Every structure is written in C-alpha cells, then in structure tokens.
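Trainee: Got a few minutes to go through this one with me? I'd like to ask about it piece by piece.

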Amino acid sequence: MSEQGIGASVRRTEDQRFLTGRATYTDDINRPGQKYAYILRSPLPHARIKSLDVSAAQAAPGVVAVFTGADMVADGVGGLPCGWLVHSEDGSPMVEPPHMPLVTDRVRHVGDQVAVVIADSYFAARDAAELIEPDYEELDSVASLGAALADGAPLVWDEAPGNRSFHWGLGDKAATEAAFSSAHHVARLELVNQRLVANAMEPRCYLAEYEPASQQYTLYTTSQNPHVIRLLMGAYVLAIPEHKLRVVAPDVGGGFGSKIYHYAEEAIVTWASRKLSLPVKWTAERTESFVSDAQGRDHVSHAELALDKDGQFLGLRVSTQANLGAYLSTFGSCVPTYLYGTLMAGVYRTPAIYVDVQGVFSNTVPVDAYRGAGRPEASYLLERLVDHAARDLGMDPVELRQRNLIPADAFPYQTPVALEYDNGNYQATLAAALEQADYAGFEARREAAKARGMLRGIGVSCYIEGCGIAPSQVAGALGARAGLFEVGTVRVNPTGSVTVLTGSHSHGQGHETTLAQLVVEALGVPLESVEVVHGDTAQIPFGMGTYGSRSLAVGGVALQHALNKVVDKSRKIAAHLLEAAADDVEFKDGNFVVAGTDRSLGFGDVALAAYVPHNYPHEELEPGLEETAFYDPKNFTFPAGCHICEVEIDPETGVTQVVDYTVVDDFGRVINPMIVEGQVHGGLAQGIGQALLERCVYDEEGQLITGSYVDYCMPRADDLPSFNVSTEKTLCTHNILGVKGCGEAGTIGSPPTVINAVINALSPLGVTDMAMPATPERVWQAIRAATRH
Amino acid sequence: MSVEINLKVNGEAVSATVEPRTLLVDFLRRHLQLTGTHVGCDTSQCGACVIHFNGASAKSCTLLAAQADGAEITTVEGLAADGNLHPMQEAFREHHGLQCGFCTPGMLMSALDLVQRDADPDEATVRHWLEGNICRCTGYQNIVTSIQAGARAMAKEGS
Amino acid sequence: MYEFNYQRPGDVASAVAARQGNADALFLAGGMTLLPTLKLRLAQPAELIDLAAIPDLVGAHQEGDVIKVGAMTCHDEVARSATVREAIPALSTLAGSIGDPQVRNRGTLGGSIANNDPAADYPAALVGLGATVETNQRQIAADDFFTGMFETALETGELITGVTFPIPARAGYAKFANPASRYAIVGVMVAETGGTVRVAVTGAGPVVFRQAEMEQALAADFSPEAVAGISVPADDLNEDLHASAEYRAHLITVMARRAVAAARG
C-alpha cells in the first residue's frame with residue numbers, strides 16, 4: 001500500500017478551500033446584472049385558486065417581472081417528471097399526475113409554488129410578493145396516511161381514486177401464505193416510520209443565466225447530479241437541448257438525497273432568465289426548505305414473521321402504506337417499492353416473502369429519497385420484527401439472528417425478493433460487533449446503571465443494503481426511466497499530471513481525495529499531480545450523479561476501468577519506446593520496465609511521448625492519453641454489518657442517552673478508511689436522530705408544525721456519543737475494485753438498533769413497543785403505563 | 001433610509017452605507033464578498049454564520065450590519081495568516097472534522113471562542129459548547145476531536 | 001424584514017426620548033428574539049432604538065445584600081461574573097443555560113424579561129429570587145412584572161435599566177430543555193431568602209408562576225423529599241409537540257426536587 005493509494009487515510013485535498021472560507025457554493029456565485037427571485041408559496045394545504053392578481057406586485061419598486069403558472073403554460077413549459085414508472089399488482093401503471101413548476105389552478109400542499117417575483121434585490125422581491133393576494137377557495141385536505149386512505153377522503157388528485165398512485169407487490173404470495181399456515185408462531189408488529197426532513201445545511205439555491213447571443217443557458221445548482229438535472233429539465237420541462245444547457249453543481253453543502261431531484265425552482269429561474277435575458281437567482285430560506293425540499297420516510301406498516309418451533313424464519317408478510325406527498329417527486333415512486341421491498345430478506349434466509357405497498361397522495365410536501373431511501377425503512381421493520389419475535393419466543397435476539405443468518409458459504413444467494421447477494425459474511429460482522437461491544441458483559445453494566453437509578457438497555461441489529469442500483473437493463477424493465485451507469489475520464493496531461501472527470505458529484509463525501517487515490521494507485525503519480533473535476537456538464541462527458549452509496553461502487557469503478565485503459569495504452573507506448581513487446585513490459589510504481597532487464601521508462605515520459613509523438617506507434621495508436629469508461633454494473637453491491645447500541649434512560653424524565661455505540665461494517669475494499677469512518681459517523685447521527693429526536697409533523701389540516709429548527713430537532717454534538725466503528729471485509733465479486741459503498745449504512749442500521757436498546761432497557765418493566773422518535777415524553781408515558789399495571 | 005457604518009473586518013477598516021434592515025451576514029457576503037460565512041437557517045439555530053464580534057462568537061444572521069458600526073469583526077477568512085492554516089483549521093483537516101464544509105466556518109469560529117475560555121476542553125465541554133452549531137454530515141465526533149487537538153496545538157504555539 | 005429606521009442613542013434619556021411619540025418604535029437589546037421575529041416578518045416596527053451604546057446599562061455588581069445587573073448585561077457576562085457566582089451561583093447556572101454560547105454572548109437580561117417568552121429562563125430567576133425590575137420610571141416587583149404570555153407591566157416607552165436580586169441563603173435552578181430550541185420546557189428556580197422560600201416555574205405555563213404548595217413544604221423542610229410527593233395539576237399548563245400538559249406537570253415536580261438538591265449543594 002502506498003502512502004497515498006488504496007487503503008491509506010489520506011487527508012482530504014479539498015479541505016483547504018473549505019477551511020479557509022474559499023469554497024464556492026452556489027449562493028457564493030453572483031453574475032453581473034443578476035436579479036433575485038422570490039417564490040410566493042401557498043399558506044394552505046389544499047385550495048383552488050379562484051383568481052391571482054399580480055398587478056400590484058408588478059408595479060412595486062424594483063420589480064422586474066412577476067410570473068404565474070399561466071405564463072409558464074402559455075410558454076409551453078412542461079411538468080416535472082417522475083423518474084420511475086411503478087406498476088400495481090394488477091398490472092396497471094401508477095397514477096402520475098402533472099407537476100407544474102408553478103401551479104395553475106390548485107395548490108396541494110403548504111409551500112406549493114404559486115408565483116415568482118423577480119426584482120433588483122431580495123428585499124424588493126419579498127416586499128412585492130406581499131402585494132399578491134391570491135383568492136383561494138379552501139378545499140378539504142388530507143395530511144396523513146390514515147386520513148388519505150379513509151373512506152370518502154377528499155382527493156388530492158381527481159384522477160387518483162382513494163388517493164392511491166399504485167398498489168405494488170413483490171414476492172411469492174402463495175408460497176408466503178403457505179409458510180404462514182404451517183408456522184409454529186407468528187410475530188406481528190405495527191410500525192410507523194416517521195417523516196423526516198433531510199436538512200442539508202446548505203439551503204437549495206439556483207442561479208440561471210441565459211445569453212441571448214449564443215442562446216446558451218447556464219444553471220448553477222445545489223445538485224447531487226447535474227447531468228440528471230440537465231436531462232430532466234432540458235428534455236421534459238423547458239425543451240432545451242443539452243448542447244445549449246450547461247448545468248454546474250459547484251461546492252454543495254450536503255445533500256442526503258434531498259438534492260437529487262429536479263425541483264420546480266430550478267426550472268423557474270432557468271425559464272425566467274430567458275424570458276428576461278438576465279441572470280436570476282433564488283436562494284431558499286430554511287423555513288422555505290421545510291415546505292419545499294422533498295422529505296423522507298413516512299410509512300405505516302403491518303409486518304408478520306412466521307417461525308417454526310426452533311425459531312427458523314419461514315415467511316415474512318409486509319403490508320405498507322407509503323406517503324408520497326402531493327406530487328410524485330423524481331424518485332418518489334421507486335423509493336418505497338424497489339428500494340424497500342427488495343431488501344426485505346435482510347441478512348436472513350427467509351424462504352418466502354411477500355410485501356405490498358400502497359403509494360398514497362396527501363396534502364403534504366412530496367416524499368422522496370432521504371439517506372438510505374427505502375432501505376432504512378426495510379431495516380427498521382425487519383430488525384424490530386426479529387427482536388419482537390425473539391421476545392415472543394423467549395429467545396435471546398442475537399441467538400435468533402444467528403440461527404437465521406445466510407451462511408457465509410451460501411453466496412451467491414438468491415433472495416425471494418428479486419435480489420441476488422453476491423458475497424458477504426454476516427456471521428463475521430455480528431461476531432466482531434458482539435466482541436467489541438462486550439455483549440456478554442452487558443448484564444453487569446445494566447446492574448451498575450440500576451444502582452445509579454438509570455435503566456440501561458442494549459440493542460442489536462444486522463443490516464444489509466443494496467447500493468449502486470443496477471444493471472440499467474433490469475432497472476429499465478422495472479420502470480426506471482434513466483440508465484444507472486457512471487462515467488469516468490482520465491486525462492493524462494503531457495507532463496504527466498492527471499485530470500479526472502467524474503460523473504459522481506461530491507458534496508461532502510471527499511471524492512476529490514478518494515478518486516485521486518485510485519489514480520495514485522493505478523498510475524503511480526503523486527496525489528498532488530491529480531485533479532478531480534466533478535459537477536459540470538460542460539467539462540464531464542456524462543454522469544448519473546451521487547446517491548444510493550453509488551459513487552465508489554459505480555463511479556469509482558468506472559474510473560478504474562478508464563485507468564486500466566490508460567495503463568494498457570501507456571504500456572503499448574512504452575513498449576514501442578523501449579523496443580520491447582507490450583506483453584514483456586511491466587508497470588510498477590510509476591515505471592514501465594521490460595521484464596528481466598534494467599530498461600525502464602517513467603510514466604511521465606510516456607505521457608509526454610503521447611502528446612509529442614515523434615517516436616510513436618502511429619499505426620497502432622492515436623496520439624494523446626485520455627480514456628473514458630462508461631460502467632454499467634452487473635448487480636447491486638451489498639454492504640452489510642452489525643450495530644450494537646447501549647442506552648441509559650432516566651426513568652424520572654424519560655430522557656434516553658446513547659452511551660455506547662459499536663458498528664462493524666463490511667464495505668468490501670476500503671479506499672480511504674478515514675473518510676469511510678466519517679461517512680459512518682454521519683450516518684449514525686442521522687439514524688440516531690430518527691430514533692430519538694427528529695420528526696416532521698403536520699397537523700390534521702396539513703399545516704407543518706415542525707417548520708424550523710425551533711421545533712424540528714436536529715441532533716447536536718451533546719446528543720451523541722463517540723462511536724466505535726470498524727470494518728470486516730468480503731470483496732464485491734462483480735466489480736474490479738471489490739468495493740461496495742458506505743454512505744448510507746450508518747443511517748440504515750441505527751434506527752432499529754437504538755429502539756431495540758430502548759425497549760430492552762424498559763423491558764424489565766414490561767414495555768414491548770416504542771415509536772420513533774423515542775422522545776422523553778414517549779418513554780416516560782411508556783414507563784408510566786407499564787408501572788401502573 | 002440608510003445608515004453609514006464604519007467597522008473593522010479581519011483587521012481592515014471598512015466603511016459602507018447600508019439599509020438598516022441589512023443583516024451583518026448579508027453585508028459580509030454581498031457587500032464585502034466574504035462568502036465564507038454562511039446562512040443555514042433563519043431562526044438562529046444552525047451556527048453556520050458564526051463570526052467574532054469584538055472578540056466573542058456571535059451569529060451574524062441575528063445581527064444588523066448597523067449594530068456592527070464601530071465593531072471589530074473576524075470571519076473565517078481572517079484566520080489563516082500568510083497562507084498557513086491556523087492551528088484550529090489544521091486540526092480540522094488532520095482529524096477529518098469536516099465533510100461538506102458548509103458548517104465548518106461557523107464551527108471554527110465557535111471553537112476559537114471556546115478555546116479563549118478553556119485552553120484544554122474535555123470532550124463533554126466541547127460537545128456542550130457546540131449547542132449552537134449544527135452539522136449534518138460528520139456526526140460531530142471528528143469535530144470534537146479536531147477542536148480538542150486544535151486547542152492543544154494552539155497552547156503549544158502560544159497563540 | 002420590513003424596512004425600518006435605526007438609531008443608537010448614547011444614554012437612557014435619549015433612548016426614552018427617541019421612543020416617546022413614536023408608537024411604532026421598538027427598543028433593540030441583544031436582538032436574539034427580536035431579529036428572528038423581524039426576519040420572519042412577524043413584526044413591523046418603524047424604528048429600532050439600539051440600546052447597545054448606553055454604558056450605564058451593562059454590568060453586574062454587589063450592593064450590600066443585593067446583586068444589581070444592568071439591563072444590557074449579556075447572559076454570558078452574568079454566567080461568568082465572579083460577583084454573581086459568589087453571591088448567587090444558581091443565577092450563574094441559569095444564565096449559562098440560556099440558548100447557546102452565541103445567544104449568551106449577545107442576548108441580554110433586559111431583552112429577555114421585556115420579551116417575557118413563556119419558555120425563557122430569566123423570569124424564573126426573577127420571580128424565584130424575589131427580584132425587583134428597575135426602569136427609567138420606577139421599580140416593579142418581579143411578582144408584578146410578568147403579567148401574561150409575552151406581556152409585562154411595562155408601559156409603552158418604559159425602559160428597563162436593570163434588575164436587583166436579593167442574595168438568597170441558598171438557591172438552585174433545574175431545567176428540562178426543549179431538545180430542539182433549548183428553551184425551557186420546564187425550569188424551576190427554588191430559593192430561600194430571608195427565611196422565605198420561593199419556587200418559580202417557567203416554561204410550563206403561559207407565564208412564570210410560583211408553586212405555593214412546594215413553597216410551604218420547603219419552608220417546613222428544605223429537602224428534595226419535601227417536594228417529591230407534590231403533584232402539580234396539569235390544568236392550564238402548556239401543551240405542544242414536545243410535551244403534554246401532564247408531562248410538564250410531572251417535570252415540575254422532578255425539576256423542583258433537582259433544584260432543591262442543587263440549592264443544598
């Protein structure tokens with residue numbers, strides 16, 4: 001292992017600019033003549049717009065223009081597309097209502113976009129927006145799954161009876177029914193996976209500039225995937241061909257899924273910049289983010305696990321209602337289906353599984369992927385259910401898991417819910433975690449806590465996730481409307497420095513360092529000679545972007561393929577220069593060596609020869625040294641691992657403190673352990689946040705109660721412990737790096753682990769259930785209810 | 001309806017005429033192009049905008065530019081001297097105390113106020129001190145480590 | 001924010017004069033509540049009169065058996081004042097628990113009590129310690145000062161100049177903070193001053209209030225056990241996403257007990 005190559009905890013090259021305040025986030029960019037957009041949003045969850053008079057706003061000081069949905073429709077603007085077509089169990093396609101960037105007749109959630117005011121300053125735009133007074137006719141609304149699915153519920157969309165977009169199913173229903181009919185015991189659980197808000201610290205921001213002379217558009221955007229935005233907005237919404245639309249995602253302050261989607265405001269400012277031939281910027285205020293960033297989770301599920309008398313899992317039956325919000329966001333339909341139902345086997349050899357999911361519209365902000373996206377929901381359901389079953393059977397929850405783990409020699413393993421796991425060793429991660437957490441010594445810690453008046457509990461869960469959704473062909477057959485490959489270009493410059501162009505966008509993950517380490521390893525150049533470029537459609541051939549822990553598993557592997565091409569070509573050039581056969585030339589530590597001789601050539605010399613091809617194999621090779629690879633994976637990758645959490649609860653107040661947290665992950669090959677650990681830490685904080693602190697709450701009418709950080713509880717430093725994080729390793733078998741992905745694992749494994757620990761702490765009192773977030777009051781109420789009996 | 005303000009920002013005298021309703025953070029970002037100070041919320045919770053106001057950490061989103069008339073302001077841009085990272089910045093780099101970087105300037109400015117009060121803070125002290133700074137990326141562990149290491153490095157340098 | 005004018009007078013008389021006859025003017029102290037309110041366009045003052053340049057309003061010092069704190073003294077200064085810590089450590093603790101470090105660096109005693117947020121900490125300190133609010137016109141006993149949710153006995157244009165805290169024999173503060181906002185869901189200040197016990201509760205109701213039953217119990221026996229068995233009725237207590245009225249009622253007892261324990265040291 002070189003000091004800067006694969007496996008080294010290289011300090012991040014991107015940090016210098018972030019630490020000195022010299023990074024460039026979208027809102028840091030300003031263009032000459034720039035105007036400011038303010039979006040007038042609906043204060044009502046559901047209403048018909050009887051009239052919309054914007055004349056007073058138009059006449060206000062500093063106002064350049066006011067536009068409404070009617071203006072956009074008149075201009076031929078289309079709706080925001082959904083990226084995945086889901087079919088119901090009966091074969092019918094999902095109900096897919098239109099999603100106009102500015103509404104035309106009805107508002108369907110608080111925060112829906114009603115009009116845009118564009119003015120010389122933010123203040124002028126905001127002041128003028130107050131002069132618009134839409135005449136609303138309030139309509140009955142549905143803010144929760146229960147309300148939306150009730151008989152006779154008001155309809156969010158007239159074309160979606162019962163407020164259902166789809167009723168999807170996966171698995172063998174008959175085999176599952178049969179498994180249940182032969183079961184010794186059935187464990188049953190009702191679970192709510194509460195709605196969350198992603199809350200990347202940088203609010204969304206868009207700056208669009210149209211140049212009339214060249215008819216070129218440039219959009220600077222807080223996006224995880226600028227090429228996808230170019231594709232969706234260009235092709236579906238604004239009819240701008242790719243070669244006229246440049247999308248730049250500069251430094252982006254976190255995403256966690258919420259910056260994947262094509263948002264209305266992107267289309268609004270881009271369109272307005274052409275209407276006005278002026279640069280137009282919009283920056284969300286945090287209170288706007290709460291009513292306009294796609295939100296996460298929001299499931300209600302009924303789950304049943306059938307077991308035989310020895311605790312072997314026989315079958316799993318899951319019925320889930322998934323709140324989609326008022327519109328289908330870009331991947332809103334795929335998250336609660338293909339990213340959820342397919343993970344229901346977990347790490348267990350459950351032979352028969354059936355899961356059905358109803359996708360439900362409501363008068364709330366659209367729901368889409370949030371870190372983990374479907375997989376945390378699956379993991380929460382399964383790992384809560386396994387603990388519940390263990391309690392029913394009077395078994396240790398670890399032992400029940402051990403009895404049902406897929407054996408390490410059973411790979412590749414075909415699950416009953418479509419996926420084929422290529423590799424793993426779930427026994428190893430579980431055993432290592434038990435050892436590191438001193439599971440065996442827990443009872444003594446519980447007793448010690450008791451002496452201090454505290455209730456201590458321990459929780460375990462085993463998770464698996466599917467990363468890097470693939471292959472494109474299969475995804476396409478299942479309804480994906482995009483490919484799922486990634487692109488990497490290696491541009492070796494004449495003096496041997498290297499520019500990498502990647503379709504994976506970095507917004508905290510450290511790609512500029514990790515991907516450079518691949519180059520160091522492959523080409524033997526120093527890290528300082530490598531520049532990683534991402535986030536600009538004008539520079540990078542193409543890209544599907546960063547989400548689903550795919551950057552290394554798909555983007556990194558694409559880059560590795562390109563690096564291999566560079567090495568192959570370089571070897572041929574070197575062979576020519578060294579007057580040897582290519583097969584006899586070895587590449588090692590940055591030098592091409594003729595095997596068995598002392599004749600060698602540095603990589604830099606080869607690069608120079610490629611660009612100054614005086615002595616060059618012209619008949620065989622083109623000059624230059626730049627290679628691109630498009631990589632479409634053969635399968636998902638399957639990171640997996642084990643989490644163990646210990647909590648202490650103050651029975652007087654119900655306050656739960658996480659006091660110990662151990663994780664053992666299998667991410668396959670790790671490129672930069674420091675960065676990987678950081679990813680796990682961050683994921684854990686979000687998962688623990690879901691378990692104990694965070695919830696997005698609407699009142700019955702559809703008004704958002706948790707509309708700012710005053711009420712939406714973000715995890716702070718003193719809510720969390722230091723984590724004990726380590727890895728075990730089995731290599732992914734179907735990519736050349738053996739990598740699996742690490743971005744979401746912490747978020748996927750932690751919610752059930754924490755809640756299992758809370759229930760374990762309270763179990764001596766007879767408590768058997770706890771909802772997320774396990775707030776002090778909920779815990780106190782549970783203690784009170786249990787001790788009253 | 002405008003006020004004239006005279007202040008020092010990162011050691012340099014600045015004079016400007018602003019609308020009274022201009023926030024200090026917007027003045028720094030838009031008028032002075034000091035875009036290292038960020039806005040992450042509008043209710044004074046997140047701390048992405050923390051600067052030093054007469055030597056004490058403050059949220060520049062909850063101050064008017066007019067209130068800074070006569071004040072000395074330090075932003076993240078004022079930390080690194082002659083291109084060398086401040087020991088606290090270096091500690092964040094060394095210990096991976098940042099991911100997306102958006103909260104980082106506020107974290108640094110907040111951390112430096114802590115070190116003024118406690119030259120060698122323990123983990124619990126650091127975690128408690130960061131009540132006013134939200135990070136969504138790191139889970140805080142490496143930030144806490146960075147601040148402790150940064151404090152020790154500063155003590156060593158006698159800064 | 002809507003448009004407004006701004007001025008920063010240099011003494012109390014000028015500040016009061018600026019406010020007189022200007023019904024739409026507001027005093028600006030630390031601004032920790034006022035500025036977020038303005039940013040969300042929930043208030044529309046025509047003028048802000050910034051009190052930051054009035055030196056008389058800043059500082060904490062002892063005068064005989066009282067501690068006097070200027071209205072513009074920030075929470076951090078109260079929390080770190082050696083004088084305050086020596087005389088009324090519970091007041092240091094309380095000031096050091098407000099908001100976060102940056103709020104404490106800017107937020108002021110006068111601003112906090114003039115705003116009288118039902119979940120603010122300082123009202124519990126004033127009522128619990130039997131303090132007196134000094135204004136440019138008069139003195140107001142804390143018991144009479146906090147009149148309702150976000151309401152005080154202040155007349156329009158009346159300016160708080162400081163607060164006088166009698167030094168108690170012992171006092172303790174315990175707070176159950178809202179995990180999101182860090183305001184008090186329940187905060188209880190218990191103090192024994194000149195043989196009288198006061199128990200003041202903030203966060204739980206629409207305005208700070210005294211808990212008479214606990215005061216009587218503690219007067220007879222100043223111990224945590226004395227209040228442990230007292231259950232507070234949930235009627236009229238606040239109820240929100242973070243805590244029901246009955247949970248708040250329960251927390252009053254728990255926090256009172258912890259405050260007594262803290263007071264006993």
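Trainee: Over how many bridges do β11(C) and strand β12 of chain C pair?

Mentor: Keep in mind that this is a predicted model. One of the pairs in this stretch is Gly172(C) with Val190(C), its bridge partner in β12(C). The two strands run in the antiparallel sense, and their bridges number eight.

Trainee: Which strands stand at the edges of that sheet in chain C?

Mentor: The sheet is open, with four strands in the order β11-β12-β13-β14 (chain C) and antiparallel pairing. An edge strand here has a single partner, so one side of it is left without a neighbour in the sheet. That description fits β11 and β14 of chain C.

Trainee: And which strands does helix α12 of chain C touch?

Mentor: Don't mix it up with α10 of chain C, which lies across β12, β13 and β14 of chain C. Helix α12 (residues 245-264) of chain C packs on the sheet too, and its direction makes about 140 degrees with that of β11(C). The strands touched by α12 are β11, β12 and β13 of chain C.

Trainee: Over in chain A, are α16(A) and α17(A) roughly parallel or roughly perpendicular to each other?

Mentor: Their axes come within 10 Å and cross at roughly 90 degrees. Angles of 65 to 115 degrees count as roughly perpendicular. So α16(A) and α17(A) are roughly perpendicular.

Trainee: Which element gives the most to the side of chain C that touches chain B?

Mentor: Chain C puts 20 residues into that contact and chain B puts in 23. On the chain C side, β1, α2 and α6 each give two or more residues. The top contributor, with five residues, is α6(C).

How values were computed: Residues numbered from 1 in each chain as written. Chains lettered and ligands numbered in written order. Predicted model: local features only at pLDDT ≥ 70, side-chain atom pairs only at ≥ 80, totals over all residues. Axes fitted to C-alpha atoms, helices over the stretch in contact; angles between N-to-C directions. Parallel < 35°, antiparallel > 145°, perpendicular 65-115°, else oblique. Contact = placed C-beta atoms within 7 Å. Pairing = 2+ DSSP bridges.
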